[in-house]
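The following exercises ask the reader to work through one molecular model step by step. Each task is followed by its worked solution.

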Amino acid sequence: MWITEIYKHDHRLQQLSPAVRALYWAPAMVLALVSGSVYFDWAMFALINIGLLGITRISLSNLTRLYRIPVAFILPGCFVIALEIPAQQAFFTVGQLPIGFSSGGLQLASLLLSRSLALISILYFILLTNTISELAELMRKCRIPALFIDLFVITFKFIENLRQTSFEMYRAQKCRLGYSGNGKRIPLFASLMAAVFQKSMQNAKQLETALQARCAGENYCFLQEERQFAFSQLFLPVGLASLAGAFLLICCNYGW
């Protein structure tokens, strides 16, 4: 269960308040969204991942495994965007149909790939350096409506519940040699998915009952550890954001 080793939240920024931690990723998120430079996006992607390796102290192999599913969805989309049918300069021909890549499609695909990976790396930085309660508290300080905060917390809890329940049931089936034969895999996997959703719904109802028993109402309240604030904590994130903004201006002015 390598995923639990990654999301253990034992990082170098844990003594900082969530508001100070937001200065590390919020400017990067804004700059990556407004950027139209492939070079800036790749530089942001590399910088965020270097920061993840140093701050969260996770291994490079585990960090690489986190990108497997996003890249598997992004690459086919970029390939379709870059593809041109019929093509003026064909790489190969299927029947009488020339197929190739257009220059405009390649530029758009490279920009989509670099920006997507940059934004995904920033999202991983947020998830690996903040707990769900800290993110909810930060959203509450930003005056985000309570309905959206509750939906965010419920969605995260339900996904975590699905993950934990599926791992436990899969381990139980595997210990009983349920996946020993190829003919048993598909029916067992189908029964596993049905049991996972049923168990998750039961756990969600138990959570709702426990909250109502404690007179919590419909609001999710979290106990936050009080952290000391010092202006010296702002020097590094503000400096990094300033350098990133300056690099983006250089990329825009020189057409990179």
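The exercises below proceed from the chain as a whole to single helices, the core, the salt bridges and one loop residue.

The model is predicted, with local features requiring pLDDT of at least 70 and side-chain atom pairs pLDDT 80 or more, whereas totals for chains, interfaces and linings use all residues. Residues are numbered from 1 along each chain as its sequence is written, and side-chain values use heavy atoms, with hydrogens and water left out.

**Exercise 1. Determine the secondary structure of the chain and the share of its residues that count as buried.**

Step 1. The chain holds 10 helices and three strands; helices (H or I, at least four residues) and strands (E, at least two) are DSSP runs, numbered from the N terminus.

Step 2. Read from the N terminus, the order of elements is α-α-α-α-α-β-β-β-α-α-α-α-α.

Step 3. Of the 256 residues, 33% count as buried. Buried means under 20% relative accessible area, exposed over 50%, and partly exposed in between (1.4 Å probe, protein chains only).

Step 4. Contacts are heavy atoms within 4.5 Å. Among those between residues at least 6 apart in sequence, 70% join residues at least 24 apart.

**Exercise 2. Establish how the buried residues of helix 3 are arranged around its axis.**

Step 1. Helix 3 (38-55) has 18 residues and spans 25 Å from its first C-alpha to its last, close to the expected 26 Å. The expected span is 1.5 Å times one less than the number of residues.

Step 2. Its buried residues are Phe40, Asp41, Met44, Phe45, Ile48, Asn49, Gly51, Leu52 and Ile55. Because they fall within an arc of 160° seen down the axis, they line one face of helix 3; the arc is that of the directions from the helix axis to the C-beta atoms.

Step 3. Tyr39 and Ile50 are exposed on the other side of helix 3. The cover over its buried residues includes helix 2, helix 4, helix 6 and helix 10.

Step 4. At the start of helix 3, a side-chain oxygen of Ser37 comes within 3.3 Å of the backbone nitrogen of Tyr39. After the helix comes Arg57, with a positive phi near 60°.

**Exercise 3. Identify which residues have the most contacts inside the largest nonpolar core, and which helix gives the most to this core.**

Step 1. A nonpolar core is a set of buried Ala, Val, Leu, Ile, Met, Phe, Trp, Tyr and Cys residues joined through side-chain atoms within 4.5 Å. The largest one has 39 residues, and Ile122 and Phe125 have the most contacts inside it.

Step 2. Helix 2 (18-34), helix 3, helix 4, helix 5 (68-82), helix 6 (103-129), helix 7 (132-141) and helix 10 (235-253) each supply at least two residues of this core. Helix 6 gives the most, with 11 residues.

Step 3. Leaving aside residues up to four places away in sequence, Phe125 touches Leu13, Tyr24, Trp25, Ile48, Leu52 and Ile55.

**Exercise 4. Find the salt bridges of the structure and state whether their partners are buried or partly exposed.**

Step 1. Side chains of opposite charge can pair when their charged atoms come close. A salt bridge is a side-chain nitrogen of Lys or Arg within 4 Å of a carboxyl oxygen of Asp or Glu. The whole structure yields two.

Step 2. One joins Glu134 and Arg21 at 2.8 Å, N to O. It links distant parts of the chain, as Glu134 is in helix 7 and Arg21 in helix 2, 113 residues apart.

Step 3. Glu134 is buried at 7% relative accessible area, and Arg21 is buried at 1%. A side-chain polar atom of Arg21 also lies 2.7 Å from the backbone oxygen of Leu16, a polar contact (N or O atoms within 3.5 Å; within protein, one must be able to donate a hydrogen and the other to accept it, and residues adjacent in sequence count only if both atoms are side-chain atoms).

Step 4. Arg140 and Glu137 form a salt bridge with the closest N and O atoms 2.9 Å apart. Because they are three residues apart in helix 7, about one helical turn separates them. Arg140 is partly exposed at 33%, as is Glu137 at 22%.

**Exercise 5. Describe the surroundings of Thr56.**

Step 1. Thr56 lies in the loop between helix 3 and helix 4 (60-66), and its 5% relative accessibility makes Thr56 buried.

Step 2. Beyond residues up to four places away in sequence, Thr56 touches Asp10, His11, Gly51, Leu128 and Thr129. Thr129 is 73 residues away in sequence, with a C-alpha to C-alpha separation of 7.2 Å.

Step 3. The side chain of Thr56 reaches the backbone oxygen of Leu52 at 2.3 Å.
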